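Work through the exercises below with the model open. Each has a task, then a stepwise solution.

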Amino acid sequence: MLPQTDYLQIRTMNLRHTCVRTTVRKCVKSDYLCERYLETWRSDPHWKLKKFMERVMLELGVKITYSTAWLARARAKLALYGSSAEQYGRVWEYAKAFLTHNPGSSCLVLVDSNFGPEKPLFLRMYCCLEPLMNGFRNGCRPIVGLDGCHLKGAYPGQILVAVGKDENNNIFPIAWATVEIENTETWCWFIDLFMKDFDGGSNGVGLTFMSDRQKGLLEAIKTVTPQANNRFCVRHIWANFKLNFTRTLFKDLFWDAARATTFMDFEIAMESIRFLDEDAWSYLDDIQPTHWSRWAFLTDVKSNMLLNNLCETFNAVIKDARDKPILTQMEWMRRYMMKMNNDKWEAAKKMKGRKLMPYIGTVFDGLEKYSRGCIVKQSRDDQYEVELGSDQVTIDLANRTCSCFHWDLTGIPCVHAYSCIMDKRANPDDYVHEYYSMRST
């Protein structure tokens with residue numbers, strides 16, 4: 001037993017350690033790592049956990065586990081963006097502020113009161129800024145992409161979006177919503193609110209929706225907007241088609257049928273598929289050509305779009321918002337819309353004096369090269385015949401039509417029409433549809 005004294009005497013000491021070196025330190029906790037690297041998380045929200053673990057090892061000489069790194073990141077997000085549970089309790093305040101500071105806009109919150117009036121369960125939230133909807137009405141073609149993507153935060157859910165195309169052929173987000181699940185009910189709710197903002201709630205006359213072949217979405221479009229036209233994303237049709245029909249030749253023939261701008265070209269591709277496999281032909285024949293082949297598209301939309309790249313691009317853009325709490329998420333989206341439209345406004349102010357958007361100049365630059373191979377023969381006045389390779393088409397400049405259907409479909413002169421315009425020594429800008437003009441900027 002040691003004597004009652006304040007001093008201890010060390011008799012022997014071995015300074016040479018023979019124990020195995022270890023870098024694992026359980027005493028390094030996630031709260032300490034969160035505090036130490038909080039500013040790094042703030043500046044780089046997408047900091048990969050693997051890189052984070054490597055930096056901790058480099059700076060502290062400690063090897064932390066994946067779960068510790070994950071908890072440190074979760075604590076950092078909580079400190080930076082706030083509590084998800086607390087933000088769900090403030091959605092009413094946000095909706096009120098949204099409407100107050102954005103006159104004419106829409107912000108609707110739907111809750112489930114079955115859990116009691118004091119603590120209702122959040123279900124959905126819809127937002128649409130008036131400047132975005134007004135810009136779509138007055139400056140965009142009447143085609144809207146619809147799609148949904150998963151949330152990645154603490155609470156499950158989906159973000160539904162409606163996206164258009166502006167005069168310069170860039171994406172133009174219009175409305176978005178956070179919902180509990182993606183099904184027919186939520187899509188009906190979203191499309192109904194969208195149509196009320198668009199024109200007061202019509203049945204969809206004059207609008208074209210581009211979507212995947214999701215059963216719930218297709219049923220919602222038919223229910224809410226029965227007179228709207230509907231295009232299917234051809235990439236998703238092909239993805240389902242190739243699961244059952246795997247022959248290599250099918251891919252080229254399928255895309256030939258989708259890109260065909262004349263009935264004859266479409267029939268040639270379809271009959272070739274039928275020759276290879278009757279079941280493959282039957283699968284595609286069950287899908288109306290108006291949904292997936294260019295020759296059957298309506299011409300009033302002035303778009304030959306086959307893919308739902310509008311929404312896929314936008315979903316990639318909002319990746320930063322999908323893992324955040326509800327109000328932080330909504331504010332991220334609103335600020336993104338504000339910045340995007342301001343950038344477009346500043347760019348448009350530098351285009352004063354121009355009739356058309358820069359996109360048309362890019363298209364004409366590409367047409368000029370190929371138009372040199374066209375043999376132009378005038379029939380009478382503004383009517384021409386043009387030979388290009390093995391193709392022979394007729395053009396009517398006065399009515400802005402070409403038998404290849406490209407001009408009718410897009411509103412932009414095709415290579416045949418462009419060669420006729422050059423032969424006439426006219427300005428090709430005068431033959432472009434007003435959808436691509438600077439009229440609304």
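**Exercise 1. Trace the salt-bridge network that includes Arg36, and place one of its pairs in the chain.**

Step 1. Arg36, Arg55 and Glu59 are linked in a network of salt bridges. A salt bridge needs a side-chain nitrogen of Lys or Arg within 4 Å of a carboxyl oxygen of Asp or Glu. This is a predicted model: local features need pLDDT of at least 70, side-chain atom pairs count only at pLDDT 80 or more, and totals for chains, interfaces and linings use all residues. Residues are numbered from 1 along each chain as its sequence is written, and side-chain values use heavy atoms, with hydrogens and water left out.

Step 2. Take Glu59 and Arg36: their N to O distance is 3.8 Å.

Step 3. Glu59 lies in helix H3 (residues 49-60) and Arg36 in helix H1 (residues 30-36), so the bridge ties together parts 23 residues apart in sequence. Helices here are DSSP runs (H or I, at least four residues), and strands are E runs of at least two, numbered from the N terminus.

Step 4. Check accessibility. Buried means under 20% relative accessible area, exposed over 50%, partly exposed in between (1.4 Å probe, protein chains only). Glu59 has 38%, so it is partly exposed. Arg36, at 41%, is partly exposed too.

**Exercise 2. Examine the salt bridge between Arg42 and Glu39.**

Step 1. The N to O distance is 3.1 Å.

Step 2. Both residues lie in helix H2 (residues 38-43), 3 residues apart, about one turn of the helix.

Step 3. Arg42 is partly exposed at 46%. Glu39 is exposed at 52%.

**Exercise 3. Which side chain of opposite charge is nearest to Asp147?**

Step 1. Find Asp147 in strand E3 (residues 143-150).

Step 2. Assign charges: Lys and Arg count as positive, Asp and Glu as negative; His and the chain ends are not counted.

Step 3. The nearest opposite charge is Arg235, 8.8 Å away. Asp147 is buried yet has no salt bridge.

Step 4. Look for polar partners. Asp147 and Asn315 have a side-chain polar contact of 3.4 Å. Such a contact is a pair of N or O atoms within 3.5 Å; within protein, one must be able to donate a hydrogen and the other to accept it, and residues adjacent in sequence count only if both atoms are side-chain atoms.
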